[in-house]
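Trainee: I've got a new structure open and I'd like to learn how to read it. Can we go through it together?

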Amino acid sequence: MKEKIDSLISAAKADVSACATVADIAAVKVRYLGKSGELTALLRGMKDVPADKKPEIGRYVNEARDVITALTGEKQKELEAAQTEARMLAESVDVTYSAHEGSLGSLHPCTLVKNEIVDIFTSLGFKVARGPEIELDFFNFQALNIPKDHPARDMQDTFYIGNDILLRTHTSPVQARTMMNEKPPIAIVVPGKVYRPDDDATHSPMFQQIEGLVVDKHITLCDLKGTLTLFARELFDKNTKTRFRPSYFPFTEPSVEVDVTCSQCHGKGCRLCHGTGWIEVLGAGVVNPKVLENCGIDPSEYSGYAFGMGIERITMIKYGIPDMRILFENDARFLKSFR
Ligand code: PHE
């Protein structure tokens, strides 16, 4: 009987040490200590033990049960702890792990420049006006002293929608719309999209302009020069110089083309300014009296000046961007550099 018990204990020891999971140890427990387990079977055999041996063998069996209970209990605790550990590891969240930085959007450089230009003029008392992008031939051309057969129409190739309806080629039609609706004094800037069938490194079929118009008594070319020179110093830098060259627009007389000293080389000459030290930034002039008349304003009482500039062009000059197309590609890496 003792031998049986001894071999049962060593079998139990071997089984316990072979357990790898909580389920394994539970099965071993049942096998040895369960109601129909091996130890229980041994206990049942006690009835065949002679009476004088019973106390000794009984103690021996009890000890064996204690040993097996302790063995399996310990192993169970160990395996349960390992199981919990493994689960915690699998479900753990590393709070020290650095989070993904969300990518913040940024304003397009043209929008930044447009806002800056609008701010400069509104700080001088100009109001912001807007007009339709699908425009009547009348406002885009005729009211601005460009009749149907006028050769100046060649200066602005045009997307026509119908005989008299087109995509506006400049923001100047808003001059006419404003003068027809408001009495002087007028001082407006007009940001907006315009369209021309051009497409290369410095032209895009859609681009943005800002128009300016001032109409009041005694407005002269001097007011235009003073305002635009101040504007250029605000937009580029304090030492920017301006140069006014004679030009031609049917809606202004006299007309000028305005150059600024190159924002990259400050007049020394570089690639951006093609070695001249100057860069053309806008067209302007004194409002042609015919335009005032067309729009119901008496040219003997009032005069005005107007100017128009391309926002993409100014953006390219300001940031030294050589190719306009990059402004339309929406490459996030390029846009981010303006944040
Ligand atoms: N509308 C002209 C253009 O697009 C620019 C301009 C505006 C010139 C106002 C003079 C006065 O080229």
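Here is our chat, going from the whole chain to the ligand and then to some backbone details.

Mentor: Before we start, this is a predicted model: local features need pLDDT of at least 70, side-chain atom pairs count only at pLDDT 80 or more, and totals for chains, interfaces and linings use all residues. Residues are numbered from 1 along each chain as its sequence is written, and side-chain values use heavy atoms, with hydrogens and water left out.

Trainee: What radius of gyration does the chain have?

Mentor: The radius is taken over C-alpha atoms, and the globule rule is 2.2 Å times the number of residues to the power 0.38. For a compact globule of 339 residues, that would be near 20 Å. The C-alpha trace spans about 145 × 50 × 35 Å along its principal axes. The chain's own radius of gyration is 45 Å.

Trainee: How many helices and strands are there?

Mentor: Helices (H or I, at least four residues) and strands (E, at least two) are DSSP runs, numbered from the N terminus. Counted that way, the chain has twelve helices and nine strands.

Trainee: Which residues are closest to the ligand?

Mentor: A residue is near the ligand if one of its heavy atoms lies within 4 Å of it. There are 15 residues around the ligand. Five of the shell residues are nonpolar, eight polar (Gly counts here) and two charged (Asp, Glu, Lys or Arg). The closest are H170, S172, R196, Q209 and G308.

Trainee: Which element gives the most residues to that shell?

Mentor: Two or more residues come from each of β5 (206–216), β8 (278–287) and β9 (303–310). The one that gives the most, with three residues, is β9.

Trainee: How far is a nitrogen atom of the ligand from an N or O atom in the side chain of S172?

Mentor: Polar contacts here are pairs of N or O atoms within 3.5 Å. R196 has a polar side-chain atom 2.9 Å from a ligand oxygen, and Q209 also puts a polar side-chain atom 2.9 Å from an oxygen of the ligand. For S172 and the ligand nitrogen, the distance is 2.9 Å.

Trainee: Where does P254, joined to E253 by a cis peptide bond, lie?

Mentor: The bond between E253 and P254 has an omega of about -5°. Another cis bond runs from P184 to P185, with omega near 5°, and P185 lies in the loop between α7 (173–181) and β4 (186–195). P254 lies in strand β7 (residues 252–261).

Key. Polar contact = N/O pair within 3.5 Å; in protein donor to acceptor, adjacent residues only side chain to side chain.
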